[in-house]
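Me: I should like to go through the terms used for this structure and ask what each one rests on. Please set each value against its definition.

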Amino acid sequence: MSYIQFLGAAGVVTGSKHLVNTANDESGTGGFQLLIDCGMFQGQKEWRERNWKDTPIPAHEIDAVVLSHYHADHVADLGCLQYAARIDMDLGRRKNPLKVFGHGESPGFSKLSYLEFASGEIYGRESILRIGPFSLGFSPTIHPDPCYAMRVSCGGASLVYTGDTGPTPSLADFARGTELLICETSLYDEYKGRIPGHMSAGEAGLLAREAGVGMLLATHLPHFGEHNVLLEQAGAAFGGRTDLASRNWTLEL
Ligand SMILES: [Zn+2]
Ligand SMILES: [Zn+2]
């Protein structure tokens, strides 16, 4: 695995969209591009306007999308990407249909496929998916709508993305020893437990510590407050390298 790049859910709770790429340079050319979640920015105008910003990778270079669940902040841009696949196939810029993976426990799975331009496939808790050079495993989370954390491995490196979740001991086992934990951090510690199915900064840090991960990256951040406080709270609970996801944040694995 070469690097992971954030296209959304950076500085905000909405717009979860993380790109994992095997290219050895940030132009992304030549690598396999796996998009984890495909959310849309919502809320205040300054966030919504980000929906119209160019992504660093052209849509036709995205090979596959894997979805944690079907809430709009994780899936609302999928229709746009599927339609882009249609245009790109018509124009000869894309050879193969976009591959889209999601669980089958919510009605949203019916939208994974789009004519011959996007081919949907369902995963479950026992699934091991091979997507290009990546291997993916899944673990159910604690969330009002069925949601799965995923472990993405490639070439001896791995990362875990929690999707949306409240605290659950199973995630520490699932993320054990991974190099990077991308953890939802929806709440400042003073709001801990106020929104079921989401985690506070301290809870994210505790998960990272229990799992013994190499690095914690806080994502799915609140719309308000001072995010450096989140960084302090998560870092103190983890006791290891911690950072906040930001647009175009990248890491080589
Ligand atoms: Zn959700
Ligand atoms: Zn969410």
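Reply: Two strands pair if DSSP finds at least two bridges between them. The model is predicted, and in it seven strands form an open sheet in the order S7-S8-S9-S10-S11-S12-S13, with mixed pairing.

Me: What makes strand S7 (128-131) and strand S13 (242-244) the edge strands?

Reply: Strand S7 and strand S13 each pair on one side only. From one strand to the next, the twist averages 20°.

Me: How do you know that strand S8 (residues 134-140) and strand S9 (residues 148-154) are paired?

Reply: Pairing requires at least two bridges, and six bridges join S8 to S9. The two strands therefore count as a pair, and they run antiparallel. Within this pair, leucine 136 has valine 152 of S9 as its bridge partner.

Me: Why are helix H5 (residues 201-211) and H6 called roughly parallel?

Reply: Their axes cross at roughly 30°. Angles under 35 degrees count as roughly parallel, and therefore H5 and H6 are given that description. The axes come within 7 Å, and the crossing of H5 past H6 is right-handed.

Me: Which residues make the contact of H5 with H6, and what is their character?

Reply: Among them are Ala204, Leu206 and Arg209 of H5, and Leu230, Gln233 and Phe238 of H6. The contact residues comprise nine nonpolar, four polar and one charged. Gly counts as polar in this division.

Me: Where does helix H6 (residues 227-238) lie relative to the sheet strands S12 and S13?

Reply: Helix H6 lies across strand S12 (215-219) and S13, and runs at about 155° to S13. Angles over 145 degrees count as roughly antiparallel, so H6 is roughly antiparallel to S13.

Definitions and conventions
Residues are numbered from 1 along each chain as its sequence is written. Chains are lettered from A and ligands numbered from 1 in the order in which they are written. This is a predicted model: local features need pLDDT of at least 70, side-chain atom pairs count only at pLDDT 80 or more; totals for chains, interfaces and linings use all residues. Helices (H or I, at least four residues) and strands (E, at least two) are DSSP runs, numbered from the N terminus. Axes are lines fitted to C-alpha atoms, for helices over the stretch in contact, and angles run from 0 to 180 degrees between N-to-C directions. Two residues are in contact if their C-beta atoms, placed from the backbone, lie within 7 Å. Angles under 35 degrees count as roughly parallel, over 145 as roughly antiparallel, 65 to 115 as roughly perpendicular and the rest as oblique. A crossing is left-handed if the near helix is turned anticlockwise from the far one by less than a right angle, and right-handed if clockwise.
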